[in-house]
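Welcome! Have a look at the structure below, then work through the exercises at your own pace.

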6 protein chains.
Amino acid sequence: MTVFVRSAGRAADQLRPVRITRGYTIHAEGSVLIEFGQTRVLCTASVEDKVPPHKRGSGEGWVTAEYGMLPRATHTRSDREAARGKQSGRTQEIQRLIGRSMRAVFNLAALGERTIHLDCDVLQADGGTRTAAITGAFVAAQDAVDKLLAAGKIQATPILDHVAAISVGIVQGTPLLDLEYTEDSACDTDMNVVMTGAGHFVEVQGTAEGAAFTRDEMNALLALAEKGIGELTVLQTQALAA
Amino acid sequence: MTVFVRSAGRAADQLRPVRITRGYTIHAEGSVLIEFGQTRVLCTASVEDKVPPHKRGSGEGWVTAEYGMLPRATHTRSDREAARGKQSGRTQEIQRLIGRSMRAVFNLAALGERTIHLDCDVLQADGGTRTAAITGAFVAAQDAVDKLLAAGKIQATPILDHVAAISVGIVQGTPLLDLEYTEDSACDTDMNVVMTGAGHFVEVQGTAEGAAFTRDEMNALLALAEKGIGELTVLQTQALAA
Amino acid sequence: MTVFVRSAGRAADQLRPVRITRGYTIHAEGSVLIEFGQTRVLCTASVEDKVPPHKRGSGEGWVTAEYGMLPRATHTRSDREAARGKQSGRTQEIQRLIGRSMRAVFNLAALGERTIHLDCDVLQADGGTRTAAITGAFVAAQDAVDKLLAAGKIQATPILDHVAAISVGIVQGTPLLDLEYTEDSACDTDMNVVMTGAGHFVEVQGTAEGAAFTRDEMNALLALAEKGIGELTVLQTQALAA
Amino acid sequence: MTVFVRSAGRAADQLRPVRITRGYTIHAEGSVLIEFGQTRVLCTASVEDKVPPHKRGSGEGWVTAEYGMLPRATHTRSDREAARGKQSGRTQEIQRLIGRSMRAVFNLAALGERTIHLDCDVLQADGGTRTAAITGAFVAAQDAVDKLLAAGKIQATPILDHVAAISVGIVQGTPLLDLEYTEDSACDTDMNVVMTGAGHFVEVQGTAEGAAFTRDEMNALLALAEKGIGELTVLQTQALAA
Amino acid sequence: MTVFVRSAGRAADQLRPVRITRGYTIHAEGSVLIEFGQTRVLCTASVEDKVPPHKRGSGEGWVTAEYGMLPRATHTRSDREAARGKQSGRTQEIQRLIGRSMRAVFNLAALGERTIHLDCDVLQADGGTRTAAITGAFVAAQDAVDKLLAAGKIQATPILDHVAAISVGIVQGTPLLDLEYTEDSACDTDMNVVMTGAGHFVEVQGTAEGAAFTRDEMNALLALAEKGIGELTVLQTQALAA
Amino acid sequence: MTVFVRSAGRAADQLRPVRITRGYTIHAEGSVLIEFGQTRVLCTASVEDKVPPHKRGSGEGWVTAEYGMLPRATHTRSDREAARGKQSGRTQEIQRLIGRSMRAVFNLAALGERTIHLDCDVLQADGGTRTAAITGAFVAAQDAVDKLLAAGKIQATPILDHVAAISVGIVQGTPLLDLEYTEDSACDTDMNVVMTGAGHFVEVQGTAEGAAFTRDEMNALLALAEKGIGELTVLQTQALAA
């Protein structure tokens, strides 16, 4: 069996170069530019001293996310969602995924009655924007939490563990880690995996784009994802230590 | 370890009573009421002799789905989406899932330049509405295809295999098949699995509602789903033979 | 003059077979499937312990209605209003009519500061959906009110009288009671009449689709409507006694 | 029985002073300011050389109406519908009524494949805006048709008869013609009647605001409407002759 | 150089005939029909005893404006914004301009916590609708303020000075005051100027429609505007004295 | 008179440090990050081989702009316009201004029937975002045009001259060039000026935020703007030569 050859000589189980730049913009409590190769997502964390209605008076906080893509982040220009007057189903799916992923590692009671808004805006897209967004949003959220701790607004961190995400997929029979755009377009199966620093699953979303996939293929993909997320967790730690 | 006790003495790996009623309404080319216990979804298949823009002139057809819930399908009344003026993110996620699942077993070229619209409307909800919708929509689509074959509009079936879906989850440490509403609300991990008749995966969407889940837990859930979907495939076959 | 011949040998002044099924779904305080021949409408009554802004602090309650049609309730599929992002003018007209009709027999002060929402969703359409909706909604509202009485939340019924509705029209010169779809499409004049159990008018909406109609024709139509609504009131009573 | 005393000594069966001013604005093919007492509605007729999709290629034309109310046409300011982003159910009901009424006296085939848009904008409201709109729109439409005839674009008039409308109602037991705002607010029954010049009914829309109404009351109201519309038809003729 | 010849022998620096009719409609606290030649705008001022959220509890009032154009105010019919479901960018720009212009001469603290809504609706358009709207809205606002003073709701006027506006432009090399529609369509440069009674600038909005304009041209245009607005201020004073 | 002291010892007539980075993202035909001090705007130019309806078949092209601000580009987070479902009036005003400014230096016939979309997205805001957007969009448009020329799709440049923009204003009596956010918030008069490379005016938009401004003040502001835009034109040229 021939194996799919990746660009830049990348191995099947190798991440693209990942760069995490903290303090990318000045106003937000956390502001991170995360790059997975040519994919670039700006993740900001904004702290607001109130909560949505379903949390009012609960003593608990809330963590939520919004996702957007600049019109020319992609190969061909796509319509601006603000001009069309609504967010696409894809956008809503992604921002709900980011929000759930972040809440999975948050103790909302320890956050107190405040909201952390994570805005993930794709400046340049080359596959894996949602997984880059989750991985970067975690770092931005950590920066925002550190500011709350430093200001004495909370006494203990509400963050329970790391959370990071990666895409995996099968292209021409080869399971690959961290798909770039051309791989994503060609793949038979595409899976986004979100895991904690402890190595447990937060989200697994696998979709057969072409043929349905077997249990063995799924196992191979999950193994790749575990490896990649382990590496991303280390990169998050390094970025936060810098 | 204590095991969670289900209502009506149901075993952990047991489906609720499933009923599939074909010809539930008279106008649609396929019209199926599917019941998973108290969950009732009306799935209609409508054939239209045109395709959306991205398929025009391609010689290929299209299969798409819409999902809705009657305002009082649920314990407390929810707003009518038509009155609010937009579909929720949840609704859009579900209808995109149903559409992808159906297309996974369709040869769009064999369908010709026509569209099959699958409308899945929840009359009564008690957990598992999206998986009931997929399972029922397949039967409605099969009826619509059979009408096209009988009318000589297509010569060979565009349907490649069965597709069916089930939810699985972990409640108080016990992996359960086919969650009803009270179980769904209480579960730590919730997974929707879509599979073909051949036993391959079309979609796997697992979410940690509480604690993140381990690889072992995931394996247990997938095994339950395989069992349940195998049974659903048999029930689809029986309904279509009736 | 030749007289228009109806399907199934129905007489000009004869209702289609009417079936009223209470408790059709389990969650709503009132849930009624009403059938006028092939027309089937699910009417649910939901009680909410608050009122819209214009009634707040008034001590009075509110009764309101929403109407919808499943996309394939009709011969050819129509767009889903939730997906299009707005309700049609026709939908709004109908739900306003249902709401006014129900309020005509309600003592809102006796209801107390709560709202009864009547959701009328057409599962299958064959003419007369709005009149079936009004007739069925009354039964659902009665069931909801009986639950409030049984629970001691109100001491006396706020319902003053029955309300029911029927369509009448002139097809090829013949005045007909309870038009089905093919008759409705062919008629020159179409009138929807809503009356109380006491035989008084709540709403009369007559429209000349083709030629304008005379006072004599109008009188003939009103006489038919009175007969039909008298029969519907008896059927409501029987259903509520069952 | 005491009889309700109207303002300005008006008799129960008397119209308010009606003024019809043609050529009120300069751009439209027909432009009529119609006044029923203090109610003032500007009705313009605009001819467009195309038809909506359902008439394309049919050889037939279309007549349609839109209705609006300036925010401060009323006693207290109401929201601007353009700013709120949608037309109310009431607005849609009224503009559908005006459109149907106008089409009732139009031979669409004789109009040819063109559309007449009737815009009815309420500058000042004091009850009866929809009936004034219908009565004025007829005059504007006649002016637009006369321009088409004069320009040789059509050879024969597509207008088959006059159409006019009036409101009637029962206030404190007294049937009244042409309700002004204070009467409309106080009435038990409110009926809008649209008739042709030949004295036939186009639309009858009666609503019990308070107690349901009897057949005798309905007869009294219809008689009043017939009288009023007869007078309006004469006033239309006089205005068109001026 | 040839000089552009205006219709009706109007001089380059001459306003069109301006008419200001107070009390044009009966319900509003101020109601002014302003005419600049064939341009006619109805400006109403409505006083409301509350303020928008950003002023609540501030002790200050608010002055805001909305702008609309009847569909057939123009040579060819334009879509009704309420029917399309949104206001155009042009409409929003104009109503923001009117609001800012009015607030420039208001002492919001002296107004107290109330809002003056200025609704400017174009009945007939022939160029200069936004400048007519500002000039007329000032008179309507003055009438509304006088009613507040007369009623003792405020003790001193919150109005600090007159405000009025005019358009100027360069057509075929000639600077012109108060452009009518045909001039506006043909002009290279179009400028809207808003000034106080004291002769100071509130807004200057100049746009090169064709070639960019020089500083000298700008000076010529501003001089024309100063002359025109001086005359408008006198006309406002005369109208208010009438 | 005391003179307002600017941050970083900036002189009243001094621009903030301006940086123009071409090729900031990889997909767009032109992609420029422009920085005016802390204000950072990403301007992309996308070429599309079709034109909007009003230009179809005209042989001419079109140049248009859209503007957006990331939710946390500002000191406090603002709502995402895509999530709210509409663009604010401010956003629409700005994108219309950018579009008009760019078209002022474009020969649309020389562009041929294609559209250049200029997307200006504010990554970080500190005053002057619209003027930075215009200045940067020109460079992005030039890059896109150069690609069309290099590909032989057009033979001669459709760009007639440079266009650039700057804000000026009066703060505490001092006229200032290139306002940053704190100055903009405090200013009495705020003016945005757009000019060509030849030193002619394309747009002048002056607004009195506090007291109205005199002709002398306006002259002082225009002189500052001329100076600043002259410098920006040089910077554009340098960036394009790099």
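A residue counts as buried under 20% relative accessible area, as exposed over 50%, and as partly exposed in between (1.4 Å probe, protein chains only). This is a predicted model, in which local features need pLDDT of at least 70 and side-chain atom pairs count only at pLDDT 80 or more, while totals for chains, interfaces and linings use all residues. Residues are numbered from 1 along each chain as its sequence is written, chains are lettered from A and ligands numbered from 1 in the order in which they are written, and side-chain values use heavy atoms, with hydrogens and water left out.

**Exercise 1.** Decide whether E:Cys120 is buried or exposed, and find its nearest cysteine sulfur.

*Solution.* Step one: E:Cys120 has a relative accessible area of 0%, so it is buried. Step two: the nearest cysteine sulfur belongs to E:Cys43, 4.1 Å away, and E:Cys120 is in no disulfide. A disulfide is a pair of cysteine sulfur atoms within 2.5 Å.

**Exercise 2.** Explain why B:Cys120 forms no bond with B:Cys43.

*Solution.* The closest cysteine sulfur to that of B:Cys120 lies in B:Cys43, 4.2 Å off, and this is too far for a bond. B:Cys120 is also buried, at 0% relative accessibility. Over all chains, the count is 0 disulfides.

**Exercise 3.** Work out the strand order of the sheet in chain F.

*Solution.* Strands are DSSP runs (E, at least two residues), numbered from the N terminus, and two of them pair if DSSP finds at least two bridges between them. In chain F, 5 strands form an open sheet with mixed pairing, ordered S1-S2-S3-S5-S4. Its edge strands, S1 (18-22) and S4 (62-69) of chain F, each pair on one side only.

Methods. Helices (H or I, at least four residues) and strands (E, at least two) are DSSP runs, numbered from the N terminus.
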